[in-house]
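Hi everyone, thanks for making time for this one. Let me put the sequence and the structure up on the screen, and then we can walk through them together.

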Amino acid sequence: MRRLSPADKTAVEFPDTGEGVTPDLMFVSDERRGIITEVWLVGAPDLVIEITSPLTEIRDRGVKLQLYERQGVREYWIVDPDANAVDVWRYGEEPAGSP
């Protein structure tokens with residue numbers, strides 16, 4: 001993943017691992033709004049949506065898919081405009097590997 005800077009207003013930081021990403025779209029429920037800071041989100045959003053392209057498809061379906069599951073994102077959508085399709089993954093409420 002990458003290091004975040006204050007210019008990344010739509011970025012997500014996963015503090016336990018120091019990983020960071022900038023999803024295409026995301027949603028945070030009102031009950032979890034505490035993860036929203038002035039700079040970026042600190043923790044997993046409830047929903048992440050990536051709009052894939054030939055340049056991002058391998059990353060969206062590989063590294064990001066695994067990252068979002070591991071970090072506790074509750075739902076992940078990959079929108080493929082070329083295929084006119086949306087793939088949806090629903091995960092548990094806690095990060096993978098949590099007791």
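Let me start with a quick one: is Asn-84 buried or exposed? Have a look for a moment. Asn-84 has a relative accessible area of 72%, and anything over 50% counts as exposed, so Asn-84 is exposed. Before going on, I should say that this is a predicted model, so please keep that in mind throughout.

Staying with Asn-84 for a second, you will find this residue in the loop between β6 and β7. Its phi is near 55 degrees, which is a positive value in a residue other than glycine. The hairpin that β6 and β7 make has 4 residues between the strands.

Now let me zoom out to the whole chain. The secondary structure adds up to 2 helices and 7 strands. In sequence order the pattern reads β-β-β-β-β-α-α-β-β. There are 99 residues in the chain, and 38% of them are buried. For those of you who like surface numbers, the accessible surface is about 6100 Å², with 53% of it belonging to carbon and sulfur atoms. And if you take the contacts between residues at least 6 apart in sequence, 47% of them join residues at least 24 apart.

On to the sheets. How many strands are in the open sheet with the order β3-β5-β6-β7? This sheet has 4 strands, and the pairing is mixed. β3, residues 25-27, and β7 are its edge strands, each pairing on one side only. From one strand to the next, the twist averages 15 degrees.

Let me go through two of the pairings in this sheet. β5, which covers residues 47-51, runs parallel to β6, and 5 bridges link the two. One residue pair to look for there is Ile-51, whose bridge partner in β6 is Val-79. On to β7, residues 85-90: this strand is antiparallel to β6, with 6 bridges between them. Here Glu-75 stands opposite Arg-90, and Ile-78 has Asp-87 as its bridge partner in β7.

There is another open sheet, this one made of 3 strands in the order β2-β1-β4, again with mixed pairing. Its edge strands are β2 and β4, the latter being residues 41-42, and each pairs on one side only. β1 and β2 are antiparallel and share 3 bridges. Val-12 takes part in this pairing, with Val-21 in β2 as its bridge partner.

Val-21 deserves a stop of its own. This residue sits in strand β2, residues 19-21. Is Val-21 buried or exposed? Its relative accessibility is 1%, and the cut-off for buried is under 20%, so Val-21 counts as buried. Val-21 also shows how the chain comes back on itself in space: Lys-64 is 43 residues away in sequence, yet the C-alpha to C-alpha distance is 8.5 Å. As for the helix in this part of the model, α2 lies across β1 and β2 and runs at about 120 degrees to β2.

That brings us to the core. In soluble globular proteins, nonpolar side chains tend to be buried together. Which residues touch the most other members of the largest nonpolar core here? Phe-14, Val-21, Tyr-68 and Tyr-76 do, out of 15 residues in that core. At least two core residues come from each of β1 (12-14), α2 (63-71) and β6 (75-80). α2 gives the most, with 3 residues.

Let me finish on Tyr-68. Leaving aside residues up to four places away in sequence, Tyr-68 touches a mix of residues, among them Phe-14, Val-21, Pro-23, Val-48, Glu-50 and Tyr-91. Tyr-76 is on that contact list too, and both tyrosines are buried.

Searching the whole structure for aromatic pairs turns up 2 of them. For Tyr-68 and Tyr-76, the ring centres are 4.8 Å apart and the planes are at 70 degrees, so this pair is edge-to-face. Add Trp-89, and Tyr-68, Tyr-76 and Trp-89 form one aromatic cluster.

That's my tour, and I'm happy to go back to any part of it on the screen.

Notes: Residues are numbered from 1 along each chain as its sequence is written. This is a predicted model: local features need pLDDT of at least 70, side-chain atom pairs count only at pLDDT 80 or more; totals for chains, interfaces and linings use all residues. Side-chain values use heavy atoms; hydrogens and water are left out. Buried means under 20% relative accessible area, exposed over 50%, partly exposed in between (1.4 Å probe, protein chains only). Contact means heavy atoms within 4.5 Å. Accessible areas come from the Shrake-Rupley method with a 1.4 Å probe; for residues, only the protein chains shown count as cover. A nonpolar core is a set of buried Ala, Val, Leu, Ile, Met, Phe, Trp, Tyr and Cys residues joined through side-chain atoms within 4.5 Å. Two strands pair if DSSP finds at least two bridges between them. Axes are lines fitted to C-alpha atoms, for helices over the stretch in contact, and angles run from 0 to 180 degrees between N-to-C directions. Rings of Phe, Tyr and Trp (its six-membered ring) pair if their centres lie within 6.5 Å; planes under 30 degrees apart count as stacked, over 60 as edge-to-face and the rest as tilted.
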